[in-house]
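Here is a short report on one protein chain and its ligand. Read it with the model open beside you.

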Amino acid sequence: MSGRIGVIGAGPGGLTTAMILASKGFKVTMFETNNYVGGRNSSLKVGDSKFDVGPTILMMKFVLDQVFKDAGRDADKYLNVMRLNPMYRLQFGPQKHIDCYDMTQGDKMMAEMQRVFPKDATSYRKYLQYEGDRFRKMIPLLQKPYHGFGSLLNTDTLKALPNISLHTTMHQLLGKYYQDPLAKISFSFQAKYLGMSPYDCPSFFGMIPYVEHAFGCYHVEGGLNQISVAMSKVFKELGGDLQLNKPIKQLILDGKKVKGLITKEGEEHLFDDVVVNADFFHVAEKLIPNAENVLQKWKPSKTAKKRFSCSTFMLYIHLDKVYPELEHNTISFADDYESNIKAISGHLVMPDDFSVYVCNPTKSDSTMSKPGTSGLYCLVPVPNLQKVSDDWNNPDVIELMKQKIYKHLEDRCHLKNIRDHVLEEKVLTPHSWRDEIHVHQGATFSLAHSIFQLLLWRPKNKFDELENLYLTGAGTHPGSGIPTILESGRIVSSLLCDKYGVKYDKERYENF
Ligand SMILES: Cc1cc2nc3c(=O)[nH]c(=O)nc-3n(C[C@H](O)[C@H](O)[C@H](O)COP(=O)(O)OP(=O)(O)OC[C@H]3O[C@@H](n4cnc5c(N)ncnc54)[C@H](O)[C@@H]3O)c2cc1C
């Protein structure tokens, strides 16, 4: 018989788990502290423009499709997903840029490589071939749980092992293919998707740019937040109980057994199993009673010594005009990218020369703003709150950062006089991520993805320090990023189905 499951948090990981389990006959109750779903993958409004709070680029659409299929649904019936080409523009100073196209666009990417990096153009195909091979060997590792050293000993891991290249970083790997430093940046900046530095991110993450080029980058009509909205709809259609505005205060423990949870108002809810989607490190610190004594490896004092991802300073701008010449996605790099990355990872105060990701969704989606207006989403990676850096409580620091971003947009992205067109704006700082969105240390991409914080060295999907507790989301295996998080939800669903003898043929992604 399937069990009664309580899920804490309606972010993408929690929603995936809740939706699949509900479709398999489990009685699932999901508690969300906000009065909306999605967490980091929700929306916000500034003036008449709608924004994604966090994720804006969907990769590996096939994972999203699979999650809906697992719940007996067709994602295309709920979401209008659009493939973007170019996927993004990479801007190097005001004069130089490359538009990056995926492999469905024939020779367009090759032509761009020849235009911008003529000496490196032929290496592009070699790069795709090598990273494609590596991706096919690595993908099985992201689809299964790791519960101990024994779980590393299987044919999938053994096949992937020679491809892990423990000793090389993503940036070093690119040196094998490209000579131009800007070409290397074009295929390694994606480490920032994990909140990491390409100069110390393990080289097997070189498969992320491959995944973009091979499988494309997508926008969802209305923003990626619609993925969470659609999943909550499916969950409710399947009889799931979604309780919004229900912050959980504490887990109920009987020794090492999790028995249920207590809401902030003091209601007690008993469950056979609890799934945590709220940021695990926030939960370990605030929701597990006496965590310092109850937990071993993941007790708060030990966690404090772990490496966490960077944070982000966000500026959402509602404008009285549209910029049709600005691509949907633009990454505008610092002149000295390496120093900028070191400042972010090294807990220094942000320098004047920094990189900005700008999303202009109105370019492809008229539902994001009223006609004649637009919304620009600007993301600047900044240090997390593990060590003191910029004082985000100081309004002068925030104002200075905002003005630096506007200057960057004017000088480098050619958005002349943008400040004259601002109708409204909203800022999120590392403090907002920590205090309003409950992300530990404001580390927006959670625990860093360094080699000994991956696979069995990450908090496990079936948590091994407490019974009946399961983890899904950015802070657990396989890691941060929408497809990866959806996969963590699939893994938890299959672990719970196994526990109760419920049939769930978790399809593997193969035949690439
Ligand atoms: C700025 C930014 C940009 C990103 N860009 C991309 C991108 O382009 N592409 C991509 O693939 N990924 C991107 N990511 C990464 C990834 O998509 C997010 O990290 C992801 O949305 C996190 O999902 P999650 O399942 O871990 O849950 P979260 O989004 O962290 O959701 C957890 C939920 O738990 C709730 N909660 C917390 N505490 C409690 C409590 N006590 N009781 C009840 N509920 C609680 C929260 O309110 C929240 O709704 C980005 C992330 C950020 C922050």
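## Domains

Domain bounds here come from an automatic or database domain assignment. The model itself is predicted.

The protein chain is divided into three parts. Domain 1 is assembled from four stretches: 4-41, 54-79, 224-306 and 450-500. Domain 2 covers 88-215, and domain 3 covers 308-435. The centres of domain 1 and domain 2, taken over C-alpha atoms, are separated by 29 Å.

## The parallel sheet

Start with the sheet of five strands. It is open, and its order is β10-β2-β1-β14-β20. The pairing is parallel. Two strands stand at the edges: β10 (241-243) and β20 (469-471). Each has a single partner strand, so one side of each is left without a neighbour in the sheet. From one strand to the next, the twist averages 20°.

Look next at β1 and β2. Strand β1 spans residues 4-8 and strand β2 spans residues 27-31. Five bridges pair them in the parallel sense. One residue pair to find on screen is Val7 with its bridge partner in β2, Met30. Helix α10 (residues 225-237) lies across β2 and β10. Its direction is at about 130° to β10.

## The antiparallel sheet

A sheet of three strands is also open, in the order β11-β12-β13. Here the pairing is antiparallel. The edge strands, β11 (248-254) and β13 (268-270), each pair on one side only. Neighbouring strands are turned by 30° against each other on average, direction ignored.

β11 and strand β12 (residues 257-263) run antiparallel and are joined by six bridges. Leu251 has Leu261 of β12 as its bridge partner.

## The ligand site

How many residues surround the ligand? There are 40, and the closest are Glu32, Arg40, Ile57, Ala474 and Ile482. Several elements each supply at least two residues of the shell: α1 (12-23), β15 (311-319), β18 (374-382) and α17 (482-500). The largest share, three residues, comes from α17.

Now the polar contacts. In the side chain of Glu32, an N or O atom is 2.6 Å from an oxygen atom of the ligand. A polar backbone atom of Arg40 is 2.8 Å from a ligand oxygen atom. For a polar backbone atom of Thr56, the distance to an oxygen atom of the ligand is 3.1 Å. Taken alone, the ligand exposes 1000 Å², and the protein buries 94% of that.

## Unusual backbone points

Which residues does a cis peptide bond join? Asn85 and Pro86 are one such pair, with omega at about 5°. Pro86 is in the loop between β6 (81-84) and β7 (88-92).

The peptide bond from His477 to Pro478 is also cis, with omega near 5°. Pro478 is found in the loop between β20 and α17. That loop follows on from two elements already met: β20 is an edge strand of the parallel sheet, and α17 supplies three residues of the ligand shell.

Asn290 is worth a look too. Its phi is positive, about 55°, although Asn290 is not a glycine. Asn290 is in the loop between α11 (280-286) and α12 (291-294).

Conventions:
Residues are numbered from 1 along each chain as its sequence is written. This is a predicted model: local features need pLDDT of at least 70, side-chain atom pairs count only at pLDDT 80 or more; totals for chains, interfaces and linings use all residues. Side-chain values use heavy atoms; hydrogens and water are left out. Two strands pair if DSSP finds at least two bridges between them. Helices (H or I, at least four residues) and strands (E, at least two) are DSSP runs, numbered from the N terminus. Axes are lines fitted to C-alpha atoms, for helices over the stretch in contact, and angles run from 0 to 180 degrees between N-to-C directions. Contact means heavy atoms within 4.5 Å. A residue is near a molecule or strand if one of its heavy atoms lies within 4 Å of it. A polar contact is a pair of N or O atoms within 3.5 Å; within protein, one must be able to donate a hydrogen and the other to accept it, and residues adjacent in sequence count only if both atoms are side-chain atoms. Accessible areas come from the Shrake-Rupley method with a 1.4 Å probe; for residues, only the protein chains shown count as cover.
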